[in-house]
Amino acid sequence: MEQQSTTPVLELVDLVAGYRSRHGLLGRRNEVRAVAGVSLSVSAGETVCLVGESGCGKSTVARAVVSLLRPFSGEVRFDGRNVTGLKGRELKNLRRQVQLVFQDPYASLNPKMTVRELISEAWRIHPGIVEPDGWDAEVARLLERVGLNPGHAERYPHQFSGGQRQRISIARALAVRPRLIVCDEAVSALDVSIQAQVLTLLRELQRDLGVAYLFITHDLGVVRHFADRVAVMHLGSIVESGDTEQIYEHAEHPYTRALLSAAPSVEDWRDDAENGEIVLTGDVPSPLNPPPGCRFHTRCWKAQDRCRTEEPELLERGTGHPVACHFPATDPVAAM
Amino acid sequence: MSALLEVTDLVVAFGDVRAVRGVSFSLSEGETLAIVGESGSGKSLSSLAVLGLLPAQARVESGEIRWAGEDVSAMSERELRALRGEQLSMIFQDPLSALNPSLTVGYQIAEMFRRRRGLRRDEARRRAVEAMTEVGIPDAARRVGAYPHEFSGGMRQRVMIAMALALEPRLLIADEPTTALDVTVQAQILRLLRHRQREGLAMVIISHDLGVVARTARSVVVMYAGQAVESGTVADVYIAPAHPYTLGLLDASPSARDSNREIRPIDGYPPDITALPTGCAFHPRCPFARERCRTEEPDLREFAPGRSSACHYAEEVLARGAAVDHAGA
């Protein structure tokens with residue numbers, strides 16, 4: 001995007017976050033590092049997709065970014081300023097800049113509030129964005145902006161379909177004129193035809209308003225169509241990142257290659273099934289007890305002794321983009 | 001040769017609301033058919049009706065279901081029970097809700113061998129271990145004593161498949177079998193199902209995901225608002241869709257393989273089945289719609305051998321679709 005400034009809107013520096021668990025009633029307290037050192041940046045007007053399977057820590061990243069969760073260590077920088085541990089007024093100001101849209105608009109919209117109340121709530125909390133006498137007009141404008149009938153402002157969430165509710169969530173996020181919207185599986189629960197509507201809307205909003213997206217998803221098809229840059233997450237760390245086309249055309253990490261190979265797409269009827277398909281064996285290891293060394297080695301067909309002991313860093317390894325693998329697949333023949 | 005399963009003009013209703021409105025499909029021994037559609041399209045109800053497993057409020061209002069030439073509605077409860085499980089079985093999206101949480105997985109699989117095959121307890125257990133091994137559950141001899149919650153989502157779906165296939169049915173109905181699974185686990189399950197297809201198992205796979213359909217099925221029925229709007233082989237339908245809804249679905253489906261194709265949404269929302277539009281149910285969302293579509297409901301008609309579309313202007317859609325490369329043909 002053209003309007004990139006030098007300082008990214010969002011920067012994560014070696015973020016470590018998660019939750020504390022306890023084994024049994026009196027058991028030892030455990031720190032579960034769902035996110036084990038993630039660095040990432042999002043520039044103004046840019047879309048960065050964080051893609052991974054369940055339990056990889058992608059939603060924990062989202063929660064840390066919007067300050068719903070305090071990281072164990074590392075920094076969340078907004079406009080170059082560390083915002084971890086902000087309180088009171090400063091935290092409130094931050095929340096104006098960063099909004100979160102969840103997967104399930106059934107759960108995230110208060111069923112007892114009308115659409116007008118849901119959208120204008122933010123203006124009550126953050127005075128000065130829109131004066132009260134302008135609320136109705138602004139609600140109507142926002143509804144129209146997200147493709148809903150402005151005349152439906154007095155309706156309740158249950159009177160809308162899933163796709164329409166997600167539009168309400170987006171209108172609500174836009175109400176505070178944020179610079180970054182974190183979308184956590186925001187289109188995953190929607191039917192394909194509606195999903196495409198919401199993606200198209202998000203893209204138009206970005207073009208018109210310059211908002212940046214940190215888009216968290218498990219859907220590799222969506223990522224390819226929507227992302228400027230991609231970071232692939234596996235068990236708490238980023239294993240590979242780069243421009244979308246780089247990742248899709250020149251994936252270097254075995255996990256990325258397996259993910260791409262596993263994603264079903266409409267073109268697959270042509271392939272004689274299993275032609276070059278990479279099917280990983282076994283399950284994703286538990287983040288409670290990640291394997292030593294490279295966290296992917298238990299499922300990796302290329303793993304060697306080094307991988308079992310030494311954790312690879314996310315580095316540019318002559319691959320054109322950073323990859324966290326001791327043996328990246330620079331040679332396409334060796335990769336298959 | 002008669003079809004293994006033949007469904008003709010099936011109508012399923014909740015009270016006086018018809019959720020499935022005259023659906024027909026058939027499949028032969030060893031064949032895989034996909035029923036694809038979005039939520040509320042009636043795709044799951046159609047297959048539940050086949051098994052006689054409709055929810056309590058729903059009933060088959062009309063239509064015919066034939067199994068190997070025999071009318072299922074004329075079968076006794078005893079014959080139906082023999083059909084389900086022995087000849088025809090089903091797996092669902094959520095294996096956790098289909099398994100009894102208080103019994104070990106091994107017990108639940110072994111129970112089928114004891115009840116249906118009259119095997120002794122130890123023999124049934126041995127067969128359960130075999131069945132688990134066959135679907136790729138590692139260390140089955142030990143895992144046979146574990147409870148459903150001790151398995152991951154992918155392993156639970158394997159357990160379901162082991163149970164569904166234990167009695168060597170001729171047809172497996174798989175309703176969104178991988179929707180709840182991670183993509184790498186989904187690939188494992190789809191591969192497992194493909195291996196069974198190759199061994200001669202017929203399948204009906206119900207999915208909202210055109211990619212999953214492309215990987216598993218040879219022919220496809222596309223459903224919209226309770227009706228089949230298009231059918232044909234997956235290759236034919238994906239290369240040149242003949243119904244505007246299919247065309248729209250393909251255009252809206254993001255692909256991890258193809259970066260050149262722009263995804264395009266379908267305008268509007270699926271209709272409420274209690275208040276369907278007049279004429280063609282798709283007409284309010286259809287870029288091809290004309291006056292006739294608002295008044296006259298199109299029938300599913302065979303416009304070429306093996307290809308049907310429920311659109312007044314199927315030939316026009318076909319021509320338009322063929323001009324765009326949808327599925328990387």
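1. A word on annotations before anything else: UniProt positions are given in the numbering used here, feature names are shortened, and annotations may be inferred rather than shown by experiment. With that in mind, the unreviewed UniProt entry carries the annotation "domain: ABC transporter" for residues 5-250 of chain B. The C-alpha atoms at the two ends of residues 5-250 of chain B are 28 Å apart, and the span is 42% helix and 27% strand. Helices (H or I, at least four residues) and strands (E, at least two) are DSSP runs, numbered from the N terminus.

2. Some housekeeping. This is a predicted model, where local features need pLDDT of at least 70, side-chain atom pairs count only at pLDDT 80 or more, and totals for chains, interfaces and linings use all residues. Residues are numbered from 1 along each chain as its sequence is written, while chains are lettered from A and ligands numbered from 1 in the order in which they are written.

3. Chain B as a whole has 13 helices and twelve strands. Its radius of gyration is 21 Å, close to the 20 Å that the globule rule gives for 329 residues, so chain B is as compact as a globular protein of that length. (The radius is taken over C-alpha atoms, and the rule is 2.2 Å times the number of residues to the power 0.38.) Along the principal axes, the C-alpha atoms of chain B fill a box of roughly 70 × 50 × 35 Å. Of its 329 residues, 50% count as buried; that takes 20 or more other C-beta atoms within 10 Å of the residue's own, with 12 or fewer making it exposed, anything in between partly exposed, and C-beta atoms placed from the backbone.

4. How many helices and strands does chain A have? Chain A comes to twelve helices and twelve strands. Its radius of gyration is 21 Å, which agrees with the value near 20 Å for a compact globule of 336 residues. The box for the C-alpha atoms of chain A, again along the principal axes, is roughly 70 × 55 × 45 Å, and 46% of the 336 residues are buried.

5. Contacts next, meaning two residues whose C-beta atoms, placed from the backbone, lie within 7 Å. In chain A, 65% of the contacts between residues at least 6 apart in sequence join residues at least 24 apart. For chain B, residues 24 or more positions apart account for 62% of the contacts with a separation of 6 or more.

6. Have a look at the open sheet in chain A, where four strands line up as β2-β1-β4-β5 with antiparallel pairing. Strands β2 (29-42) and β5 (81-82) stand at the edges with a single partner strand each, so one side of each has no neighbour in the sheet. Helix α1 (residues 58-65) of chain A packs on this sheet, touching β1, β2 and β4, and its direction makes about 110° with that of β1(A); axes are lines fitted to C-alpha atoms, for helices over the stretch in contact, and angles run from 0 to 180 degrees between N-to-C directions. Five bridges join β1 (residues 10-22) to β4 (residues 73-78) of chain A, and A:L10 stands opposite A:F78. Pairing here requires that DSSP finds at least two bridges between the strands.

7. In chain B, strand β7 (residues 171-175) is mostly covered, with four of its five residues buried. On one hand, β7(B) pairs in the parallel sense with β6 (residues 88-91) over four bridges, including the one between B:M90 and B:I173. Strand β7(B) is also joined by five bridges to β8 (residues 202-207) of chain B, and these run parallel; there B:D175 has B:I206 as its bridge partner.

8. A single residue worth clicking on is A:Y213, in strand β8 (residues 212-217) of chain A. Is A:Y213 buried or exposed? A:Y213 is buried, because 24 other C-beta atoms lie within 10 Å. Leaving out residues up to four places away in sequence, A:Y213 touches A:T47, A:I181, A:C183, A:L202 and A:Q206.

9. Helix α10 (residues 254-262) of chain A has seven of its nine residues buried, so it is largely enclosed by the rest of the structure. What covers those buried residues includes α8 (220-226), β9 (229-234), β10 (237-243) and α9 (244-249) of chain A, together with α8 (183-198) of chain B.

10. Finally, the contact between the chains takes 37 residues from chain A and 41 residues from chain B. On the chain A side, α7(A) gives the most, with six residues.
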